[in-house]
Amino acid sequence: MSKELEKFLRKRNAAPRKVSKFQYLYDDNESVLDFYLKHGGLQRRHNVKDDFNRKPWEFIDTELGIPIDHIEMQVEATFVLQGVVVAEKLTELLTLAVLHSGISFNKQKMAPQRFGKEILGRVRPDCVFTLAIAVLLGEYDSAFKLFEFFKNGYAKGWINRSKSHMTDFIILLYGTYSNEMLSSNVDDFSYPHIIADWNTTDANKITSYVQQLCDDQVAQVAAPPSECFFEYDNLNWQFIPYPALMLLALRQKSGLTNPTIEHVAFGNVSELTPMLTSNDEPNPIFMPFKMKLEQQGFDIDKIFSKEQ
């Protein structure tokens, strides 16, 4: 067993115990969301003057980022313990992720008008994994919206870069799938051959591509923080091979046959699809929170519109 794989498996086995350490932050954040429901704004922004007359929802950031991270940690923990990717939790995560990305997209689009320049490197790269989740769930309206944000952010430098090329792969793959050819923003991009040949009918090639994506994820999760694969540093996105699964899901939606692919770290990658479990009820605060934003003028379709 390689040292990278050994370290990956140690981190994987320890992950379920570490999720509880994030629970206090998630619980504290629920009181923040509850305050917003009751008062129509964030407590940290209460009575603070804003020169741009921004709406209260424009200041939301970590208030949605925290539950997104927490839910994904729970999904990872369940996968480690039971080998199941819980569809209900991913659906809840995706709902919040589209809201969060819509708010971020609006901020980035308004920056040149408000500040006279683009705001560079402000978008967390790990949020791009939510595009893979939308594809895995078959939620292509959400995927369209998220891609509209990420392709703009990728071209304009909004996304904070790590040394990983996984998020580049997700954006460029979806662009190729949807006939929007984007150019890579990094030197020596790791996956141009997969992007160009994603719809191959050669089973050996697709097996090799999935193995490469999974091997690279293992290496990046196992790497120390100094290696700057920081989208994998925070207990999130580590143990479910989202980029590889997105590739297989897009192929399946396109009517292509996928071979059975086993990976030493992830098991049978071909069968890792989100499954309904009926074990978890969605958090009752999230839907009223979404409705509150809409009452305050948050128009998600307008924000993600190509004409906007």
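Is Asn 29 buried or exposed, and what is its relative accessible area? In this predicted model, Asn 29 is buried, with a relative accessible area of 6%, which falls under the 20% cut-off for that class.

**Helix H2 and its contact with H3**

Asn 29 lies in helix H2, which spans residues 23-39, and, leaving aside residues up to four places away in sequence, it touches Thr 62, Glu 63, Ile 66 and Pro 67. Those four residues also appear in the contact between the two helices, where Gln 23, Leu 25, Tyr 26, Asn 29, Val 32 and Leu 33 of H2 meet Thr 62, Glu 63, Ile 66, Pro 67 and His 70 of H3. By class, this contact of H2 with H3 comprises 6 nonpolar, 4 polar and 1 charged residues.

As for geometry, the axis of H2 comes within 9 Å of the axis of H3 (residues 62-82), and the two cross at roughly 140°; H2 and H3 are therefore oblique to each other, and H2 passes H3 in a left-handed crossing.

**Cysteines**

A search of the whole structure finds 0 disulfides. The sulfur of Cys 127 has its closest cysteine sulfur in Cys 228, at 18 Å, which is too far for a bond because a disulfide requires sulfur atoms within 2.5 Å. Cys 228 is likewise in no disulfide. The table sets out the accessibility of these two cysteines together with that of Asn 29.

| Residue | Relative accessible area | Class |
|---|---|---|
| Asn 29 | 6% | buried |
| Cys 127 | 16% | buried |
| Cys 228 | 31% | partly exposed |

Key
Residues are numbered from 1 along each chain as its sequence is written. This is a predicted model: local features need pLDDT of at least 70, side-chain atom pairs count only at pLDDT 80 or more; totals for chains, interfaces and linings use all residues. Side-chain values use heavy atoms; hydrogens and water are left out. Buried means under 20% relative accessible area, exposed over 50%, partly exposed in between (1.4 Å probe, protein chains only). Contact means heavy atoms within 4.5 Å. Axes are lines fitted to C-alpha atoms, for helices over the stretch in contact, and angles run from 0 to 180 degrees between N-to-C directions. Angles under 35 degrees count as roughly parallel, over 145 as roughly antiparallel, 65 to 115 as roughly perpendicular and the rest as oblique. A crossing is left-handed if the near helix is turned anticlockwise from the far one by less than a right angle, and right-handed if clockwise. Ala, Val, Leu, Ile, Met, Phe, Trp, Tyr, Cys and Pro count as nonpolar, Asp, Glu, Lys and Arg as charged, and the others, Gly among them, as polar.
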